[in-house]
Amino acid sequence: QVQVVESGGGLVQAGGSLRLSCAVSGSTTSFNAISWYRQAPGKQRELVAGISGGGSTSYADSVKGRFTISGDNAKNTVYLQMNNLNPEDTAVYYCNAVFLRIGRPPVDFWGQGTQVTVSS
């Protein structure tokens with residue numbers, strides 16, 4: 001069974017940095033894409049950043065220039081480096097791993113989330 005585990009969240013002051021990790025295990029193949037989402041209290045979950053198995057990246061406008069997503073294929077782990085954090089970045093951050101399957105619809109797995117709190 002595929003497991004997705006996030007780590008690295010915490011409390012940081014505005015202007016500070018955190019690095020989140022997303023470790024994927026239990027699959028016989030590498031993931032095809034991993035995305036970070038976040039959900040603040042009372043708000044919908046939103047896409048923050050994504051990376052494909054080939055290394056292509058994308059970012060939400062709100063985090064461009066501040067967040068960097070990167071991957072370590074050997075470790076099946078993806079990182080989200082978050083710099084210059086502000087209180088609006090406070091949310092639970094979730095990792096979503098997508099696996100493509102030949103002849104069948106893709107399947108995705110979610111982690112349990114990690115809390116990021118930015119104080120002003």
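# Close-ups of a predicted model

**View 1. Strands S7 and S8, side by side.** S7 and strand S8 (residues 77-82) make an antiparallel pair held by six bridges. This is a predicted model, and that goes for every view below. Look across from threonine 68 and you'll find glutamine 81 of S8 standing opposite.

**View 2. The open sheet around that pair.** Zooming out a little, four strands line up as an open sheet in the order S1-S3-S8-S7, with antiparallel pairing. Strand S1 (3-7) and strand S7 (67-72) are the edge strands, each pairing on one side only. On average, neighbouring strands here are turned by 15° against each other, ignoring direction.

**View 3. The disulfide between cysteine 22 and cysteine 95.** Here the sulfur atoms of cysteine 22 and cysteine 95 sit 1.9 Å apart, forming a disulfide. A disulfide is a covalent bond between the sulfur atoms of two cysteines. The count for the model comes to one disulfide. Its handedness is easy to read off: the link of cysteine 22 and cysteine 95 is left-handed, with -80° about the S-S bond. Cysteine 22 belongs to strand S3 (residues 18-25) and cysteine 95 to strand S9 (residues 91-101), so the pair ties together parts that are 73 residues apart in sequence. Are these cysteines buried or exposed? Cysteine 22 is buried, at 0% relative accessibility, and cysteine 95 is buried too, with a relative accessible area of 0%.

**View 4. Strand S9 and its partners.** Eight of the 11 residues of S9 are buried, so this strand is largely enclosed by the rest of the structure. Start with S4: it pairs with S9 in the antiparallel sense over seven bridges, and isoleucine 34 stands opposite alanine 97 in S9. Next comes S11, which runs antiparallel to S9 and is joined to it by three bridges; tyrosine 93 has threonine 114 in S11 as its bridge partner. Then there's strand S10 (residues 104-110), also antiparallel to S9, with five bridges joining the two.

**View 5. The hairpin of S9 and S10.** What does the phi angle of glycine 103 look like in this hairpin? Two residues lie between the strands, and glycine 103 takes a positive phi near 75°. Arginine 101 has arginine 104 in S10 as its bridge partner.

**View 6. The largest nonpolar core.** This core has 30 residues, and those with the most contacts inside it are Val24, Ile34, Trp36, Leu80, Met82 and Tyr93. S3, strand S4 (33-39), strand S5 (46-52), S7, S8, S9 and strand S11 (114-119) each supply at least two of its residues. Which strand gives the largest share of this core? That's S9, with five residues.

**View 7. Around methionine 82.** Set aside the neighbours within four places in sequence, and methionine 82 is in contact with Gly16, Ser17, Leu18, Leu20, Arg66, Phe67, Tyr93 and Val116. Met82 and Tyr93 are both among the residues with the most contacts inside the largest nonpolar core.

**View 8. Around serine 35.** Serine 35 sits in strand S4. Its relative accessibility is 16%, so serine 35 counts as buried, the limit being under 20%. Leaving out neighbours within four places in sequence, serine 35 is in contact with Leu47, Ala49, Gly50, Tyr94, Cys95 and Asn96. One of these, Cys95, turns up in View 3 as half of the disulfide with cysteine 22.

Methods:
Residues numbered from 1 in each chain as written. Predicted model: local features only at pLDDT ≥ 70, side-chain atom pairs only at ≥ 80, totals over all residues. Heavy atoms only, no water. Disulfide = S-S within 2.5 Å. Buried < 20%, exposed > 50% of the residue type's maximum accessible area, 1.4 Å probe, protein only. Pairing = 2+ DSSP bridges. Axes fitted to C-alpha atoms, helices over the stretch in contact; angles between N-to-C directions. Core = buried A, V, L, I, M, F, W, Y, C linked by side-chain atoms within 4.5 Å. Contact = heavy atoms within 4.5 Å.
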